[in-house]
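Please open the structure in the viewer and keep the sequence panel visible. The tour below proceeds from one selection to the next.

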Amino acid sequence: MGEPTTPLNSSPPVEKNPLLAVNGVSKRFPNGTVALRDVDLTIARGSIHGLVGANGAGKSTLFKIIAGAHEPSAGELLWQGEPVDWSTPAAPRAAGVATMYQHIPLVPTLSVLENVFLGEMAGWFRRGRLMAQYDALCERFGYRPDPNALVGDLPIGERQMVAVAQALAAGATLICMDEPTASMARAEVELLFRAVNRLRETEGTSFVFCSHFLDQVLELTDEVSVLRDGRMVFTGPTHELTEERLVDLMVGRKLSAMEHTRMEPVAPEAKPVLEAISLRSPGKVDDVSITVRAGEVIGLAGMLGSGRSEILEAIFGADDRCSGTVRVHGKAVGKRVDQRVRAGLALVPEDRNRQGLVGGWEIWRNTTLPDVQKLSRRKMLPDAEAEYARADQAVADLKVRTPSVTTPVSALSGGNAQKVVFAKWIYGDACAYLLDEPTAGVDVGAKADILELVRGFARAGNAVVIVSSEFEELLAVAQRILVVRGGRIVAERNAKDTDEAELLALSSGLGANELGRTG
Amino acid sequence: MSTPSTRERLAPFRLQRAGVVYAFALILVVFTSAAAGTGRPFYLSALNSANILDQTAQVGILAVFMTICLISGNFDLSIGATGALAAGVTLTVINSGAGVLVALLLGLLTGIAMGLFNGVFVQYVGVNAFIVTLGTMTGIRGLLFILTDGRSIQTTDTGLAELLTGDWPVNLKVWAAVVGLVFVAVGVVSLRRERAGRVTDGQGYWYVIAGALLAAVSVIWFPTYWALSKQVWIFLAIVVIAWAVLKFTVVGRRLYAVGGNVEAARLSGIRVARYKVMPFVLNGLFAALVGILYASRFSAINPQALTGIELTVLAAAILGGTSLFGGAGNVLKSVIGALILFVLANGFGVLNLGANYQDLIKGVVIIGAATIYVLAEKRGGRKKLTASDVPAVTPSASISGPAEASGGPVVTGESDAGARAGSGSAARP
């Protein structure tokens, strides 16, 4: 490690008993994944603490441990100096910790007022009294959403404010926010930040602010902790940090020496296989054009919610409201999914259980789902023999670990189920593969198999567009990388000329220039 | 890859899969012995069995298409009203002097139109199927009241009755034996396929056993004269066709896929909307047919006719193990479910067991059946490849291991190895 790993006690202890201390916490899941290793975190009273880390660094796990949703495998939590056992979500809530996940847990069909006092709605709903309480509450954090509006009608930023109000009404002294600004416009962000600062100053409420937006972290917080691969690699005051330093801390040194793509460059004479022209979908995709040539793998780099999955869906025709043209081998294809499938597009969706597989079905019926007609006698009567043969072939080719092709896919592990999703497309006529997080939730061995499969697609002259939260993976498999933010392609890099740090910076909304590069 | 284990072979016989068949057999045995024990005529006589089938036919036809609708992940409450309206239209047209066939056609078209309305509203507008068909159930009944001004429509024209009522008797002894032997033949063929290393769901056993039983029983037992009504023949033909389409065609496969996971089906290139709308249209069409069959019996239709039949039909589908969430169901089992309901009704009548208890028993049977399915699902459905399966996994994996390593296909037939090498190489250069 190049950077000095700042010892935790280097920041002078402001007080003897901090509000919350996480001491040596580890988390190992039953499947063997180690999400956190010996993590320390100290939240002082009245501080705003930033928590950053790349995708999968362990932020969510740490959040869930603080919220009582996960039990730590080792280590302890101290609340105001006292050891606590927070094994249920009710315990930290009673102590005064409010956790706000990305998905805001409000009841959309109830009014703002009813939501704010949801926890107190035992007994009669005494509107007048609650109204007075609500006004007092809003006074405290300096913003007053219309108490009678239905939460479902509010913009996302205002919902976040309602959630803060709810936390305050429940008497929270520590409010943990996971990506609260992910879908917010700048004005909403400022609204939230003003409320947070005000509460901190007037009442000494503490906050944990977890975000992919590093500029916001630097703007809002007093202290920052950085998680990388489940370890807390840095904790220190924000004013000593710069964006570059933060990115370096998140990525770590080992990755800058990472081996670059093993993909051969695309032959200059290679023809475009897939062309997407001016795709637009209200609120999701904003004027995206992508050309993929034969043998080319394009990586879409972006943060969660950046619109990267939506772009793949738009190309595949799965978004009904999308406008724009898609051409395959130079020929424009129709808008519907079935037309695009017939033209040679294939999508491996992000959520394989919800979008990729029919859970109760066996491997063989899932494998042949897109192609069943071609395997049928007279295009009408499915030929089970041919289907079994194809499924057997897929199981052997993709090294699916299963007792037989009649095993239901719901009984397979994540990696094996994902291979079945791939199997749906590899024996048909697909020439353009759209892969959305193909290695998510997949073990290391299966991951290598899948990446090799992707390289195979390209070597066979197909076009591939791949989305992955792991930029390292994109760099290893793609020749060209497009950075996506807010449903737009904001930068393009050759995989050879970029690294994880730059992609992270670009995806997080930091200018490339600030990193000493030119776009 | 591997020959089916005994457990896989026996799967179709398990309570969870075949419970409705056992229940049906049990009820028949109980009624037959009760009839014998109380000195009444043979319960399953030619007369009474033809009677039961005739009583079941209308609900049975509807149960077939309700099952299809449920498999697709939807729901249709409007069938009773649609049937009554179609009958009203048919009789009105007949009374206006047009021919019976024209009237029949218009009646059926009415049904198609109602089904299409349901389907389009559910699929393209996105209103929940329960709500849409609850609305059309009421609204279509309202149309019928407007058409008839609240009175029954009668016709003196006997054309419709001549066309649709009456019997087509059959020599059951001969035909049942023939059907039984055909079943045995089908079963033997599918079992031989299994022996050849193919995995099937073991239904071959069903065919052989059922066919042999039928052939044997028919020779010693069945009457030579069995007076089946025309609507029973229509019913049987529909059941056979619907079953075959669902089981053996691409359409059936895709229907189950759409019901099982609509998003996966859509992203696999299936035109989901078709498979969502089509069941409603079929439901409308065959509800109309049932309505007309009903009216042909009386040469009249009462605007309140067929009220509540949709619930009996749903009960039949549920008895048959059809999932209310889509993706699972079998028309044969739903038909057996319908038969159970009507055997209960018939048995209570014939045996004079106190008609007052009938509905209570039906209710108990419905909940009991659903309970068995749920409990069996909980015990058997949660199987992951863990613990008890691991010993079974490891040997087969080790058997296929060397074959995989050598790059050759495993057991699965060298016959198409060439074709596969071609397709395989495109994907894995």
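Which residue in strand 4 of chain A does A:Asn23 stand opposite? Select A:Asn23, and A:Glu76 is found opposite, in strand 4 of chain A.

Before continuing, note that this is a predicted model, in which local features need pLDDT of at least 70, side-chain atom pairs count only at pLDDT 80 or more, and totals for chains, interfaces and linings use all residues. Residues are numbered from 1 along each chain as its sequence is written, while chains are lettered from A and ligands numbered from 1 in the order in which they are written.

**The sheet in chain A**

Extend the selection to strand 1 (residues 20-28) and strand 4 (residues 74-79) of chain A, which pair in the antiparallel sense over 5 bridges. Strands (E, at least two residues) and helices (H or I, at least four) are DSSP runs numbered from the N terminus, and two strands pair if DSSP finds at least two bridges between them. In general, strands of a sheet pair through backbone hydrogen bonds.

Now display the whole open sheet of chain A: 4 strands in the order 2-1-4-5, with antiparallel pairing. Its edge strands, each pairing on one side only, are strand 2 (34-43) and strand 5 (82-84) of chain A. Neighbouring strands of this sheet are turned by 25° against each other on average, direction ignored. Add helix 1 (residues 59-66) of chain A, which packs on the sheet and touches strand 1 and strand 2 of chain A. The direction of helix 1 makes about 60° with that of strand 2 of chain A. Angles run from 0 to 180 degrees between N-to-C directions, and axes are lines fitted to C-alpha atoms, for helices over the stretch in contact.

**Two loop residues in chain A**

Select A:Gln80, in the loop between strand 4 and strand 5 of chain A. Its phi is near 50°, a positive value in a residue other than glycine. Most residues other than glycine have a negative phi. A:Gln80 is partly exposed, with 14 other C-beta atoms within 10 Å; a residue is buried at 20 or more such atoms, exposed at 12 or fewer, and partly exposed in between, with C-beta atoms placed from the backbone.

Then move to A:His329, in the loop between strand 14 (323-328) and strand 15 (331-332) of chain A. Phi of A:His329 is positive and near 50°, and this residue is partly exposed, with 16 other C-beta atoms within 10 Å.

**A helix pair in chain B**

Select helix 4 (residues 79-95) and helix 5 (residues 100-125) of chain B, whose axes come within 8 Å and cross at roughly 150°. The crossing angle makes helix 4 of chain B roughly antiparallel to helix 5 of chain B, a term for angles over 145 degrees, with under 35 roughly parallel, 65 to 115 roughly perpendicular and the rest oblique. Among the residues to show at the contact are B:Leu85 and B:Val89 in helix 4 of chain B, and B:Leu104 and B:Leu108 in helix 5 of chain B. Contact requires C-beta atoms, placed from the backbone, within 7 Å.

**Helix 14 of chain B**

Finally, select helix 14 (residues 309-319) of chain B: 10 of its 11 residues are buried, so the helix is largely enclosed by the rest of the structure. The buried residues include B:Glu310 and B:Thr312. After helix 14 of chain B comes B:Gly321, whose phi is positive, near 80°.

How values were computed
Two residues are in contact if their C-beta atoms, placed from the backbone, lie within 7 Å.
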